Amino acid sequence: MAYALQPVLPDIQKVPIQPVDCVKRSWAAIKDQYWLFLGVTLVGVLVGGAVPVVLMGPMMCGIYLCYLQKLGGVEVEFATLFQGFDHFKDSLLATLIMVGSSLVFILPVVGVYVAGLFVAIPMMAEENPGGGLLFVLVIVAFYLVLIAVGLLLGLFFLFTFPLIVDRRLSAWDAVKTSARAAWSNLGGLVALMLLTALMSFAGLLACYVGVFLVMPISFGAFAVAYRKLFPAEVPAT
């Protein structure tokens, strides 16, 4: 009787993630094909955003496949982006897991926000001076908590799609492994995420166009961090 082999999950390593070094290594890797990677990231994000739940997973897989090939010294072709559809099922399931997990954390925040408004709005109608202040505080707190939750969830799911294309993990195994890797290297990854967010904000100041120009470098920085945590496998001889 034959038994299906269980997938071997990658070991989780705790390594120093140096944000500035990741950005530098990203630029060094892609600078000779920068415009191609600009096209890859721009088209990938736009196509994925057209039908987010269905197409974002394959597009993210394709984007990271391009970066991992480049980090491995392979000349990248634009068509590689669409090889992410080779992992359509697992990338779709991973996206659904992410959406479901996000709702679990975000819906209670929305509930507290609505409850706060139900308290603040009647106070404003009664011309209570504290009503206006409470209204502003509820809105500000809601958006701050929403941003924090979004960033943390994004951090834990950060390596899901690279693990699917690089290690051929199932959706659930990729999500679990990504979360474990993020937790083990939380400080460095938070710093890297903040640095890339700062780069995007600086891009916003350049008439918004700069956001797209720094996007290939930001994706590359996360690919560099991924490769530090999950070194390339050596082919069996």
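Helices in this tour are DSSP runs of H or I with at least four residues, numbered from the N terminus. The model is predicted, and local features are described only at pLDDT of at least 70, side-chain atom pairs only at pLDDT 80 or more, while totals for chains, interfaces and linings use all residues. Residues are numbered from 1 along each chain as its sequence is written, and side-chain values use heavy atoms, with hydrogens and water left out.

**Stop 1: Phe-105 in helix α4**

Select residues 88-125, which make up helix α4, and pick out Phe-105 within that helix. Three classes of accessibility are used from here on: buried is under 20% relative accessible area, exposed is over 50%, and partly exposed lies in between (1.4 Å probe, protein chains only). Phe-105 has a relative accessibility of 48% and therefore counts as partly exposed. Next, display Val-149 and Leu-153. Phe-105 is in contact with both of these residues, its neighbours within four places in sequence being left aside; contact means heavy atoms within 4.5 Å. Gly-150 may be added to the selection: its C-alpha atom is 9.2 Å from that of Phe-105, although 45 residues separate the two along the chain.

**Stop 2: the nonpolar surface patch**

Remain on α4 and select Leu-96, which is placed in that helix. With a relative accessible area of 43%, Leu-96 is partly exposed. Now extend the selection to Val-51, Val-53, Val-54, Phe-78, Phe-82, Phe-85, Phe-88, Leu-93, Val-99, Leu-103 and Leu-107; together with Leu-96 they form a nonpolar patch on the surface, with about 930 Å² of accessible area. Such a patch joins nonpolar side chains (Val, Leu, Ile, Met, Phe, Trp, Tyr) within 5 Å, taken from residues with over 30% relative accessible area and no salt bridge. The areas come from the Shrake-Rupley method with a 1.4 Å probe, and only the protein chains shown count as cover.

Which helix gives the largest share of the nonpolar patch? Helix α4 does, with 6 residues. The elements that contribute two or more residues are α3 and α4.

**Stop 3: Phe-85, between α3 and α4**

Among the patch residues, centre the view on Phe-85, which is found in the loop between α3 and α4. Phe-85 counts as partly exposed because its relative accessibility is 34%. Leaving out residues up to four places away in sequence, Phe-85 touches Leu-55, Pro-58 and Met-59. The C-alpha atoms of Phe-85 and Leu-55 are separated by 8.8 Å, with the two residues 30 apart along the chain.

**Stop 4: helix α1 and its cover**

Select residues 19-30 for helix α1, whose 12 residues should span 16 Å at 1.5 Å a residue; the end C-alpha atoms are 17 Å apart, which agrees. The expected span is 1.5 Å times one less than the number of residues. Colour Pro-19, Cys-22, Val-23, Ser-26, Ala-29 and Ile-30, which are buried in α1. These residues cover an arc of only 130° around the axis, so they lie on the same side of α1; the arc is that of the directions from the helix axis to the C-beta atoms. To see what covers them, show elements including α2 (34-50), α3 (52-71), α8 (186-205) and α9 (209-229).

**Stop 5: salt bridges**

A salt bridge is a side-chain nitrogen of Lys or Arg within 4 Å of a carboxyl oxygen of Asp or Glu, and the count by this rule is 5. Begin with Lys-70 and Asp-32, whose side chains meet at 3.1 Å, N to O. This pair links distant parts of the chain, with Lys-70 in helix α3 and Asp-32 in the loop between α1 and α2, 38 residues apart. Is each partner buried or exposed? Lys-70 is buried at 11% relative accessibility, whereas Asp-32 is exposed at 53%. Add Glu-75 to the view, since Asp-32, Lys-70 and Glu-75 are linked in a network of salt bridges.

Move next to Lys-176 and Asp-173, which form a salt bridge with the closest N and O atoms 3.7 Å apart. They are 3 residues apart in helix α7, and therefore separated by about one helical turn. Lys-176 is partly exposed at 33%, and Asp-173 is buried at 12%.

**Stop 6: Arg-168**

Finally, select Arg-168 in the loop between α6 (160-166) and α7 (171-184). Its phi is near 55°, a positive value in a residue other than glycine. Most residues other than glycine have a negative phi. Arg-168 is exposed, with a relative accessible area of 63%.

Methods
Patches are made of residues with over 30% relative accessible area and no salt bridge: like charges are joined within 9 Å, nonpolar side chains (Val, Leu, Ile, Met, Phe, Trp, Tyr) within 5 Å.
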